[in-house]
Amino acid sequence: MASPNTGQNNQSGFGQAASEMTAKAQDTAAKLADKAKDLASTAARSAGEAASNVGHKVGETATNFGHKTDDAVGSVGTGMKNLAGTVREKAPHEGMMGTASSTVAGALEKGGRYIEEQKFSGMANDFVGVLKENPLLTICIGVGLGFLIAQMIPSNRRA
């Protein structure tokens, strides 16, 4: 027959084993939580670096695109100035046609010089300045663009 002390020894042995297992489980859970925090921190840092790199690349691409656009617009200005020279050379120099060709050549040269010097960014700034100085013009342009966009969108109501 088992003695009553043996049952207590078994119960205290089970309790001690359960306490040890609980402590080990808590320790393992704490280590896993620390590891998860480290991994999350590393992942966040990597994602931040990747986003920063993408942002820099987009900025560089936009800058390059802006420079190429300015260069292309500048070459249009050069072309206009060259066309003005051609008009001056080949058009009549006397009479009504001479006056008209001289006026056209002057306008082409002046416009070409403006485009060549200001390029796209300067022209955009000038356009914004004109819109700020003339609010009625801005409203008319907005209404006109709205009308054109509305005409381009297909409608189910139209027959």
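What we have here is a protein with 3 helices and 0 strands, and I should say at once that this is a predicted model. Reading from the N terminus, the elements run α-α-α. Of the 159 residues in the protein, 9% count as buried, and when we take the contacts with a separation of 6 or more, 55% of them are accounted for by residues that lie 24 or more positions apart.

I would like to spend most of my time on helix H2. H2 has 39 residues, and yet its end C-alpha atoms are only 40 Å apart, which falls short of the 57 Å that a straight helix would reach at 1.5 Å a residue. Where does H2 bend, and by how much? The bend is at Lys119, and it amounts to about 100 degrees.

Let us stay with Lys119 for a moment, since its backbone also deserves a look. Lys119, whose place is in helix H2, has a positive phi of about 55 degrees although it is not a glycine. As general background, most residues other than glycine have a negative phi. As for its surroundings, Lys119 counts as partly exposed because its relative accessibility is 29%, and I will leave it there.

Next to consider is Phe120, which is also found in helix H2. Is Phe120 buried, exposed or partly exposed? With a relative accessibility of 45%, Phe120 counts as partly exposed. Setting aside the neighbours within four places in sequence, Phe120 is in contact with Thr69, Asp70 and Val73; for one of these, Asp70, the C-alpha atom is separated from that of Phe120 by 5.1 Å, although the two residues are 50 apart along the chain.

Which residues of H2 are buried? They are Gly98, Ser101, Ala105, Leu108, Gly111, Gly112, Ile115, Gly122 and Leu131.

That last residue, Leu131, brings me to the contact with the next helix. Helix H2, residues 95-133, and helix H3, residues 135-152, have axes that come within 5 Å and cross at roughly 110 degrees, and the two helices are therefore roughly perpendicular to each other. On the H2 side the contact is made by Phe127, Val130, Leu131, Lys132 and Glu133, which meet Pro135, Leu137, Thr138 and Ile141 in H3. Sorted by class, this contact of H2 with H3 has 6 nonpolar, 1 polar and 2 charged residues. Leu131, then, is both one of the buried residues of H2 and one of the residues through which H2 meets H3.

Notes:
Residues numbered from 1 in each chain as written. Predicted model: local features only at pLDDT ≥ 70, side-chain atom pairs only at ≥ 80, totals over all residues. Heavy atoms only, no water. Axes fitted to C-alpha atoms, helices over the stretch in contact; angles between N-to-C directions. Helix = DSSP H or I, 4+ residues; strand = E, 2+ residues; numbered from the N terminus. Parallel < 35°, antiparallel > 145°, perpendicular 65-115°, else oblique. Contact = heavy atoms within 4.5 Å. Nonpolar A, V, L, I, M, F, W, Y, C, P; charged D, E, K, R; others polar. Expected span 1.5 Å × (residues − 1). Bend = angle between axes of the 7 residues up to and from the residue. Buried < 20%, exposed > 50% of the residue type's maximum accessible area, 1.4 Å probe, protein only.
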